[in-house]
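These are my notebook entries on what I looked up in this structure, kept in the order in which I worked. I began with the overall make-up and then went to single contacts and residues.

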Amino acid sequence: LEESTQRLAQNEREQAWREMARQIAHDIKNPLTPMRLSIQHLIRLKSQNIDGWDQKFDQVASSLLEQIDILSETATEFSSFSKFYNEDSILVNLYDLVREQYIFFNTRDDISFEYIAQTDQAMSLIKKNQISRVIVNLITNAIQAVEHKEKKVIRISLLEGENYFVISIEDNGPGVSEDNLQNLFKPNFTTKTSGTGLGLAICKNIIDQSYGTIAYSRSEEFGGANFHFTLPIYRGE
């Protein structure tokens with residue numbers, strides 16, 4: 001049974017990688033054709049010395065630079081994830097790990113940050129950089145969600161269950177619409193006007209490989225998003 005479970009987990013990881021690679025290829029290939037056509041169009045305008053080609057050049061160059069930035073961000077996301085994937089697990093106090101990110105982000109006067117922890121001894125065997133990435137991503141999303149609120153509130157919580165710790169990031173933003181819930185953790189999905197749409201998909205992959213779970217719900221207190229994930233409690237050898 002244990003061997004079957006391990007094989008199933010391995011198959012799921014491989015399938016996740018294939019899906020991620022497919023989405024990356026999709027994101028990279030999509031803008032290449034219009035970029036090529038735009039450059040060919042500029043070459044034709046210049047070769048024929050058509051009036052106004054220099055103004056057209058400025059417009060196309062600006063658009064090309066924007067597309068290059070998107071491609072670069074996509075490549076960086078995937079490259080970072082592949083490096084994190086090979087990281088070794090170490091024993092980490094989640095209380096300190098979360099507190100570090102709380103201190104780092106709690107620098108804005110217009111956002112009320114709060115950190116609540118049920119314990120200051122939350123030991124878990126994890127890939128530290130990967131989990132830090134998840135926390136950073138979720139806090140960043142929360143900050144973006146409350147940007148247009150007059151009163152901005154973000155709460156980070158560390159709770160202890162029977163066999164796992166729960167880390168949650170809540171905000172008083174608009175939350176996720178019902179229509180988007182089923183696609184929330186899928187690669188290439190985003191409700192933002194910019195970005196790769198890989199952030200939450202990468203978070204889910206990291207948490208899955210850490211033998212935890214990640215989910216979304218409405219914040220009961222603030223009415224916005226509540227992204228929360230679990231990590232196993234370390235009980236010793």
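**Entry 1: the helix pair α3 and α4**

I started with α3 and α4, keeping in mind that this is a predicted model, and noted that α3 passes α4 in a right-handed crossing. I looked up the geometry and found that the axes of α3, residues 94–105, and α4, residues 128–146, come within 10 Å and cross at roughly 40°. The two helices are therefore oblique to each other, given that angles under 35 degrees would count as roughly parallel.

I then listed the residues that meet: from α3 these are Leu97, Val98, Gln101 and Phe105, and from α4 they are Lys128, Ile131, Ser132, Ile135, Val136, Ile139, Thr140 and Ile143. Sorted by class, this contact holds 8 nonpolar, 3 polar and 1 charged residues.

**Entry 2: Gln101**

Which residues does Gln101 contact, once its neighbours within four places in sequence are left aside? I found Ser132, Ile135, Val136 and Ile139, and each of these is also listed on the α4 side of the contact with α3. Gln101 itself lies in helix α3. Its relative accessible area is 13%, so I entered Gln101 as buried, the cut-off for that class being under 20%.

I added one reminder for reading such lists of contacts: an α-helix has 3.6 residues a turn, so residues three or four places apart point the same way.

**Entry 3: the whole chain**

I stepped back to the protein as a whole, which has 5 helices and 7 strands. Following the sequence, I wrote down the order of elements as α-α-β-α-β-β-α-β-β-α-β-β. The protein has 237 residues, and 38% of them count as buried. Its exposed surface comes to about 14200 Å², of which carbon and sulfur atoms supply 50%. When I took the contacts with a separation of 6 or more, I found that residues 24 or more positions apart account for 72% of them.

**Entry 4: the helix pair α4 and α5**

Next I looked at the other side of the same question, namely how α4 packs with α5. The angle between them is about 145°, with the axes 10 Å apart, and α4 passes α5 in a left-handed crossing. On the α4 side the contact is made by Gln130, Ile131, Arg133, Val134, Asn137, Leu138 and Asn141, while α5 brings Gly199, Leu200, Ile202, Cys203, Ile206 and Ile207. By class, I counted 8 nonpolar, 4 polar and 1 charged residues in this contact. I also noted that Ile131 appears here and in the contact of α4 with α3.

**Entry 5: how covered α5 is**

How many of the residues of α5 are buried? Helix α5 spans residues 199–209, and 9 of its 11 residues are buried, which makes the helix mostly covered. I wrote the buried ones down as Gly199, Leu200, Ala201, Ile202, Cys203, Asn205, Ile206, Ile207 and Gln209.

I checked Leu184 as well, which has its place in the loop between β5, residues 164–171, and α5. Leu184 and Leu200 are 16 residues apart along the chain, and their C-alpha atoms are separated by 7.2 Å. Leu184 has a relative accessible area of 7%, and I therefore recorded it as buried.

**Entry 6: two residues with positive phi**

Last, I looked up backbone angles in two loops. Tyr211 comes just after α5 and takes a positive phi of about 60°, and its place is in the loop between α5 and β6, residues 214–218. Is Tyr211 buried or exposed? With a relative accessible area of 70%, Tyr211 is exposed.

Asn49 also has a positive phi, near 50°, in a residue other than glycine. I found Asn49 in the loop between α1, residues 2–47, and α2, residues 53–85. Because its relative accessible area is 57%, I entered Asn49 as exposed, the cut-off being over 50%.

Notes. Residues numbered from 1 in each chain as written. Predicted model: local features only at pLDDT ≥ 70, side-chain atom pairs only at ≥ 80, totals over all residues. Heavy atoms only, no water. Axes fitted to C-alpha atoms, helices over the stretch in contact; angles between N-to-C directions. Helix = DSSP H or I, 4+ residues; strand = E, 2+ residues; numbered from the N terminus. Parallel < 35°, antiparallel > 145°, perpendicular 65-115°, else oblique. Left-handed = near helix turned anticlockwise from the far one by under 90°. Contact = heavy atoms within 4.5 Å. Nonpolar A, V, L, I, M, F, W, Y, C, P; charged D, E, K, R; others polar. Buried < 20%, exposed > 50% of the residue type's maximum accessible area, 1.4 Å probe, protein only. Areas by Shrake-Rupley, 256 points an atom, 1.4 Å probe, with all protein chains shown as cover.
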